[in-house]
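Please work through the exercises below with the sequence and the model open side by side. Try each task on the model before reading its solution.

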Amino acid sequence: GKKKPVVVVTRKLPEVVETRMRELFETRLNESDRPYTQAELVEAMRTADVVVPTVTDRIDGAVLSQAGPNLKLIANFGNGVDNIDVLTANNRGINVTNTPGVLTEDTADMTMALMLAVPRRLSAGIQALANNEWSGWSPTWMLGHRIWGKRLGIIGMGRIGQAVARRAKAFGMSIHYHNRRRVPTDVEEALEATYWESLDQMLARMDVVSVHCPHTPGTFHLLSARRLKLLKKDAYIVNTARGEVIDENALIRLLENNELAGAGLDVFEHEPAVNPKLAQLENVVLLPHMGSATIEGRIEMGEKVIINIKTFMDGHRPPDRVLPSML
Ligand code: 8YV
């Protein structure tokens with residue numbers, strides 16, 4: 001039969017995924033719980049037919065320039081591909097795929113969790129109980145703000161943005177969005193969503209803003225210091241997309257000066273580093289990039305990676321190919 005492709009997987013994956021990969025490919029696994037070092041990553045790139053990286057592997061031009069002659073596919077275990085220089089990869093004849101769809105609902109759920117947790121003061125309440133600070137119910141204690149009846153501004157109305165819109169609508173919010181392109185009318189109508197061509201104008205009018213666009217050169221610091229200042233003082237911001245989309249220092253300054261009501265952040269500008277100033281703030285909920293962290297989702301991500309590799313190795317176009325023009 002055909003020689004099995006050498007597939008290097010940079011991170012430990014759920015066991016069922018690793019087992020299936022071992023059956024299908026000449027699979028080299030990372031048995032440790034830590035990411036590859038730069039040297040290990042380069043070694044993988046030099047020797048593999050297929051590399052399966054994650055968000056913690058930076059595959060930039062320098063790394064790609066050391067790719068071996070056999071490397072033909074980078075099958076990202078994850079949806080966002082901002083960890084990969086897709087253009088340079090394509091120019092070198094290396095295909096890139098991702099895992100869209102299977103983490104949409106989980107990420108939208110986590111977005112709603114943050115959207116509720118911050119205005120309704122979930123961490124303050126949990127902490128008060130843990131610290132034995134509850135002396136009984138009071139009509140004026142631990143009051144937050146409702147999200148029902150409020151305006152949600154979604155930045156990036158793709159799969160995840162729409163999944164958030166469906167949930168937020170059911171929670172009684174009115175849906176607004178900004179996107180490079182307007183979504184089809186039937187989608188807009190089903191969500192009763194209002195399209196804002198101008199991000200600036202939308203920002204000035206929202207009660208909650210949630211980020212769901214990818215991180216690309218075009219969206220880096222999309223929420224710049226100037227734009228963040230457009231937000232109402234009583235607005236909340238949620239980010240389960242990528243930290244780089246928000247100017248984190250500018251966001252921190254606004255939160256410190258109470259020029260924003262609060263923030264729910266699952267992603268950060270310099271992961272895994274989290275600016276210590278964020279942890280000092282009372283009006284934030286911070287999570288360690290858990291948006292898609294369900295066992296079901298991780299297994300499905302693995303299945304997607306496997307299908308992409310298999311399809312490619314069978315000589316066909318992999319279903320989740322990412323082209324530079326899509327970014
Ligand atoms: C993953 C994510 O945990 O898919 C993404 O874009 O941010 C997360 O769901 C991560 O990317 C795994 O590589």
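The exercises that follow treat the sheet, two helices, the salt bridges and a surface patch in turn.

The model is predicted, so local features need pLDDT of at least 70 and side-chain atom pairs count only at pLDDT 80 or more, while totals for chains, interfaces and linings use all residues. Residues are numbered from 1 along each chain as its sequence is written, and side-chain values use heavy atoms, with hydrogens and water left out.

**Exercise 1. The sheet**

Task: Work out the order of the strands in the open sheet of seven strands, and state which strands stand at the edges.

Solution. Begin with the terms: helices (H or I, at least four residues) and strands (E, at least two) are DSSP runs numbered from the N terminus, and two strands pair if DSSP finds at least two bridges between them. Following the pairings across the sheet gives the order β8-β7-β6-β9-β10-β11-β12, with parallel pairing. β8 (194-195) and β12 (284-286) each have a single partner strand and therefore stand at the edges, with one side of each left without a neighbour in the sheet.

Next, check individual pairs. β7 and β8 pair in the parallel sense over two bridges, and His-176 stands opposite Thr-194 in β8. Strand β9 is joined to β6 over four bridges in the parallel sense, where Ser-210 of β9 is the bridge partner of Ile-154. β9 also pairs with strand β10 (residues 236-239), again parallel and over four bridges, and here Val-208 stands opposite Tyr-236 in β10.

**Exercise 2. The two faces of β9**

Task: Decide whether the faces of strand β9 (residues 208-211) are covered or open, and assign the residues to their sides.

Solution. In a regular strand the side chains alternate between the two faces of the sheet. Apply the cut-offs for accessibility: buried means under 20% relative accessible area, exposed over 50%, and partly exposed in between, with a 1.4 Å probe and protein chains only. Val-208 and Ser-210 lie on one side, Val-209 and Val-211 lie on the other, and all of these are buried, which leaves both faces of β9 covered.

**Exercise 3. Two helices**

Task: Compare the expected and actual spans of α5 and α7, then list their buried residues.

Solution. The expected span of a helix is 1.5 Å times one less than its number of residues. For the 14 residues of α5 this gives 20 Å, and the end C-alpha atoms are 20 Å apart, which agrees. For the 12 residues of α7 (residues 159-170) the expected span is 16 Å, and the end C-alpha atoms are 17 Å apart, which also agrees.

Turning to burial, α5 is mostly covered, with 10 of its 14 residues buried; among them are Thr-104, Met-110, Leu-114 and Ala-117. In α7 the buried residues are Ile-160, Gly-161, Ala-163, Val-164, Ala-165, Arg-167 and Ala-168. These residues pack against α5 (104-117), β6, β7 (174-178) and α8 (185-191), where contact means heavy atoms within 4.5 Å. Just after α7, Gly-172 takes a positive phi of about 85°.

**Exercise 4. Salt bridges**

Task: State how many salt bridges a search of the whole structure finds, and examine the partners of Arg-182 and Arg-227.

Solution. A salt bridge is a side-chain nitrogen of Lys or Arg within 4 Å of a carboxyl oxygen of Asp or Glu. The search finds 18 of them. Arg-182 forms one with Glu-188, with the closest N and O atoms 2.8 Å apart; Arg-182 counts as exposed because its relative accessibility is 54%, whereas Glu-188, at 8%, counts as buried.

Arg-227 forms a salt bridge with Asp-200, and the closest N and O atoms are 2.6 Å apart. This pair links distant parts of the chain, since Arg-227 is in helix α10 (residues 225-228) and Asp-200 is in helix α9 (residues 199-203), 27 residues apart. Asp-200 counts as partly exposed at 23% relative accessibility. Elsewhere, salt bridges that share partners join Glu-105, Asp-109, Arg-166 and Arg-167 into one network.

**Exercise 5. A nonpolar patch**

Task: Identify the residues that form a nonpolar patch on the surface, and locate Trp-137.

Solution. Patches are made of residues with over 30% relative accessible area and no salt bridge, like charges being joined within 9 Å and nonpolar side chains (Val, Leu, Ile, Met, Phe, Trp, Tyr) within 5 Å. Leu-129, Trp-134, Trp-137 and Trp-141 form such a patch, with about 550 Å² of accessible area together; accessible areas come from the Shrake-Rupley method with a 1.4 Å probe, and for residues only the protein chains shown count as cover. Trp-137 lies in the loop between α6 (122-130) and β6 (151-155), and at 72% relative accessibility Trp-137 counts as exposed.
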